[in-house]
Amino acid sequence: MSFLALAVMLLAGSCAPPAPKPPPNIVLLISDDHGWSDYGFMGHPDIQTPNLDALAAESRVYTRGYVPTSVCRPSLATMITGLFPHEHGITGNDPPGGAETMRDPVARAMMVEIFKHNPTVSQALADRGYVSHQSGKWWEGNPREAGFTAAMTHGDVSRGGRHGDDGLAIGREGLQPISDFLDTTGDRPFFLWYAPFLPHTPHTPPERLLEKYLTPGRPVEVARYDAMVAWFDETIGELMRQLDTRGLAENTLVLYVSDNGWVQEGAGRSMADSRAKMSPYDAGMRTPILIRWPGVVASGRDETTLAGSIDLAPTMLEAAGIEPPANLPGISLLHPERLRERKALYGALFAHTAVDLNDPIANLKYRYTVREDGWKLVLPYTPNRDVTLMINGQQADWMRFEPELYNVIDDPYEKNDQAGARPDLVEALTDTLEGWWRVYR
């Protein structure tokens, strides 16, 4: 070979484009019935969450995160579809009829069929070549029918399926199914849906954790909940170590969110008066949202930008190289500059047990909007005044049927209703809320 030919070959090799980076693995971590302030990194004085704190230190943390509704099934359906509950059609947990139809296969199948009309992130990722694993909460039948290639949940109502069945063992009984899945992925990108039944009731933490929180003056019910949060945190640490020991952390996008909030009953406080789960207030709707992707997403704490679980689907799709569908209302968390331009977030609360499966408005109880400046409007849907809103079998004590106005930056626990003092702002926020509802119906 001549010197000139060799030089040409070497030059051509040096100019070759770098090999394309493989798409990232995606891990979605979802806690269940978890208060927005109940973390070390969110300033809780007692609850210790060292593993979530470590994840937060490596993540972009949006402390003003929101879910669109404060009960698990429609909230989870939003995460996997990228749509609001009145768009994807799952507005409550159970079909009409309450306890009589809770496990009725025909009634439940009707809800699953409504869900199946929606494209899912898991199916889009499967079409892109991802393998995926579902564990924990899952209400919508067999997860494999939504694109998952591996699943703990079977979804068969005749075998006890409702909201996760066999999948609910994850976390509480270890993470071996996830470990086994990770051992089979090879070079393929993967998606993990980790939605353990934690810190959800039953609050049965390990005794070693409960002992830490059984301190003088703390009701045992509160101690049990606090220990459940600590238990959930331990499972997060174990999952992160599984990624680390396999050398997977660098090219893995990790997202964290809670499905809805929680205020633990005890010391005379009941779920019916807690204004948390199944309420339109921040105690039910607010959650920190974390995103970690080393080398791509800068870590840091954002105390002002509004982020929502509605943003998770476009984030996951974009990270995988998939163009998010134009009908998705969320904003990818990979574009913080666009998030900072957001002026408001919106959501709605519906009856836990549906009145009409095919008409979201028949189940509607409240809508809310929260602005970047902290002003939040809670707007009841008065035509449904008589639609029952039960919480743990009790009628909600806090239910009101006139607009409520709070500034959740100055008043994060929404104790000072300013609707009477600011009718102009109530009217303005009502107009924007009605505009959103028309746009997204």
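Visitor: At what angle do H3 and helix H5 (residues 105-116) pack, and how far apart are their axes?

Guide: Two packed helices are described by the angle between their axes and the distance between the axes. Here H3 and H5 pack at an angle of about 30°, with axes 12 Å apart. Axes are lines fitted to C-alpha atoms, for helices over the stretch in contact, and angles run from 0 to 180 degrees between N-to-C directions. Helices (H or I, at least four residues) and strands (E, at least two) are DSSP runs, numbered from the N terminus. This is a predicted model, in which local features need pLDDT of at least 70, side-chain atom pairs count only at pLDDT 80 or more, and totals for chains, interfaces and linings use all residues. Residues are numbered from 1 along each chain as its sequence is written, and side-chain values use heavy atoms, with hydrogens and water left out.

Visitor: Which word describes how H3 and H5 lie to each other?

Guide: Angles under 35 degrees count as roughly parallel, over 145 as roughly antiparallel, 65 to 115 as roughly perpendicular and the rest as oblique. H3 and H5 are therefore roughly parallel to each other. The crossing of H3 past H5 is right-handed; that is, the near helix is turned clockwise from the far one by less than a right angle, and anticlockwise would be left-handed.

Visitor: How many cavities of 30 Å³ or more are there?

Guide: Rolling a probe the size of a water molecule over the atoms shows where empty space is left. On a 1 Å grid over the protein atoms alone, a cavity is a set of points where a 1.4 Å probe fits but cannot get out, and lining residues have an atom within 4 Å of a point. Grid points are joined across faces, edges and corners, and a volume is the space filled by probe spheres set on the points. The count is two cavities. The largest has a volume of about 50 Å³, and the second largest about 40 Å³.

Visitor: Which residues line the largest cavity?

Guide: Its lining consists of Arg73, Leu76, Ala77, Ile80, Lys137, Trp138, Trp139, Glu140 and Trp193. Helix H3 (residues 72-81) supplies the largest share, four residues. Six lining residues are nonpolar, none polar and three charged. Ala, Val, Leu, Ile, Met, Phe, Trp, Tyr, Cys and Pro count as nonpolar, Asp, Glu, Lys and Arg as charged, and the others, Gly among them, as polar. The second largest cavity has eight nonpolar, two polar and no charged lining residues, among them Tyr66, Phe84 and Ser309.

Visitor: In what order do the four strands of the open sheet come?

Guide: The order is E10-E11-E12-E15, with antiparallel pairing. Two strands pair if DSSP finds at least two bridges between them. Strand E10 (344-350) and strand E15 (404-407) are the edges, each pairing on one side only. The twist averages 15° from one strand to the next. Between E11 (residues 364-371) and E12 (residues 375-380) there are five bridges, and Val370 has Lys376 in E12 as its bridge partner.

Visitor: Where is there a cis peptide bond with omega of about 0°?

Guide: That bond joins Leu198 and Pro199. Pro199 lies in the loop between strand E5 (190-195) and helix H8 (207-213). The bond from Thr201 to Pro202 is also cis, with omega near 5°, and Pro202 is in the loop between E5 and H8.

Methods: On a 1 Å grid over the protein atoms alone, a cavity is a set of points where a 1.4 Å probe fits but cannot get out, and a pocket is an open set with protein on both sides within 12 Å along at least five of seven lines; lining residues have an atom within 4 Å of a point.
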